[in-house]
Amino acid sequence: FNFLDYPEQVYDNRTYASEVKYNGELVDSWTIFKTNNFIDVEGSYGKITLLLRHKDKLIFLQDRALGLHSVNDRSLIQDGNQSALVLGTGGVLQRYDYISTNVGCIHRFGVSLTDSAIYWYDVHNNRQYKLSEGLEPVNDINGLTGFFTNNILKNIREGDNPYLNKGITSTYDYLFNEVNFTFKDYYTVDVIGETFYKDVTVCYNEIIKGYASFYDFKPSVYV
């Protein structure tokens with residue numbers, strides 16, 4: 001029996017936890033991942049597109065869902081003096097909770113993190129979302145729904161590589177409190193064998209809590 005005849009298993013809905021790092025250690029514990037230190041979220045909602053920390057919370061985005069990992073979860077019990085005691089649960093990743101199983105993200109380059117919220121575009125629902133105190137469909141509240149419906153087409157919906165002009169790339173401008181989204185799209189005229197690009201950059205301003213402008217710059221990625 002040759003194990004090499006079988007492809008390697010890919011668990012793209014799994015999150016691993018490293019060992020705890022201590023000051024002065026000779027080996028970096030953040031590079032050590034033990035075999036069983038992981039947690040799997042529901043695979044039916046697709047792969048994990050991105051993990052990000054926001055307001056001391058670990059958020060995961062899947063193709064069609066998003067949720068929250070509980071890291072070093074704690075529970076409270078009452079002692080004999082009616083005081084609360086904090087107990088550890090014995091593991092780093094003990095559980096996860098879904099914020100939504102109808103909203104997700106396939107574009108890892110198209111997620112922007114600000115001081116107050118997380119922004120991204122969900123091609124399955126054709127909406128731009130904001131996660132802060134709650135989950136909000138930004139374009140339903142602030143307009144541009146018709147624009148997104150007519151312009152978010154095949155190459156954006158199916159691709160996630162802005163270097164190849166497919167998908168979405170975004171950034172947060174701290175100076176002007178703006179979240180910029182560049183949607184990457186193109187089409188090819190087979191008769192002349194020429195490719196035309198029709199990228200568009202949309203700006204959402206956190207101060208006015210609405211869309212502020214379309215911009216001329218259309219980078220492959222933001223740095």
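Arg-14 sits in strand 1, which spans residues 14–16; strands here are DSSP runs of E with at least two residues, helices are runs of H or I with at least four, and both are numbered from the N terminus. The model is predicted, so local features need pLDDT of at least 70 and side-chain atom pairs count only at pLDDT 80 or more, while totals for chains, interfaces and linings use all residues. Residues are numbered from 1 along each chain as its sequence is written, and side-chain values use heavy atoms, with hydrogens and water left out.

With a relative accessible area of 18%, Arg-14 is buried (buried means under 20% relative accessible area, exposed over 50%, and partly exposed in between, with a 1.4 Å probe and protein chains only). Its side chain makes a polar contact with the side chain of Asp-40 at 2.7 Å. Such a contact is a pair of N or O atoms within 3.5 Å; within protein, one must be able to donate a hydrogen and the other to accept it, and residues adjacent in sequence count only if both atoms are side-chain atoms. Apart from neighbours within four places in sequence, Arg-14 is in contact (heavy atoms within 4.5 Å) with Phe-38, Ile-39, Asp-40 and Ile-48.

Turning to the surface, Tyr-11, Tyr-16 and Phe-33 make a nonpolar patch of about 340 Å². Patches are built from residues with over 30% relative accessible area and no salt bridge, like charges being joined within 9 Å and nonpolar side chains (Val, Leu, Ile, Met, Phe, Trp, Tyr) within 5 Å. Accessible areas come from the Shrake-Rupley method with a 1.4 Å probe, and for residues only the protein chains shown count as cover. One member of the patch, Tyr-11, belongs to the segment before strand 1 and is partly exposed at 44% relative accessibility.

Charged pairs come next. The structure holds 11 salt bridges, each defined as a side-chain nitrogen of Lys or Arg within 4 Å of a carboxyl oxygen of Asp or Glu. Asp-199 and Lys-184 form one of them, with their closest N and O atoms 2.9 Å apart. This pair links distant parts of the chain, 15 residues apart: Asp-199 lies in the loop between strand 16 (194–197) and strand 17 (200–205), and Lys-184 in strand 14 (residues 178–184). Both Asp-199 and Lys-184 are buried. Elsewhere, salt bridges that share partners join Lys-21, Glu-25 and Asp-28 into one network. Within this network, the side chains of Lys-21 and Glu-25 meet at 3.7 Å, N to O; Lys-21 is partly exposed at 37%, and Glu-25 is partly exposed at 24%.

A further salt bridge brings together the side chains of Lys-55 and Glu-133 (3.5 Å, N to O). Lys-55 lies in the loop between strand 3 (48–54) and strand 4 (57–62), and Glu-133 in the loop between strand 11 (127–131) and strand 12 (135–137), so the pair ties together parts 78 residues apart in sequence. Lys-55 is partly exposed, at 44%, whereas Glu-133 is exposed, at 75%.

As for cysteines, zero disulfides (pairs of cysteine sulfur atoms within 2.5 Å) are found in the whole structure. Cys-105 is buried, with a relative accessible area of 0%, and Cys-203 is buried at 0% relative accessibility.

Taken as a whole, the protein chain has three helices and 18 strands. Of its 223 residues, 37% count as buried. Among contacts with a separation of 6 or more, 48% are between residues 24 or more positions apart. The accessible surface of the chain comes to about 13,600 Å², with 51% belonging to carbon and sulfur atoms.
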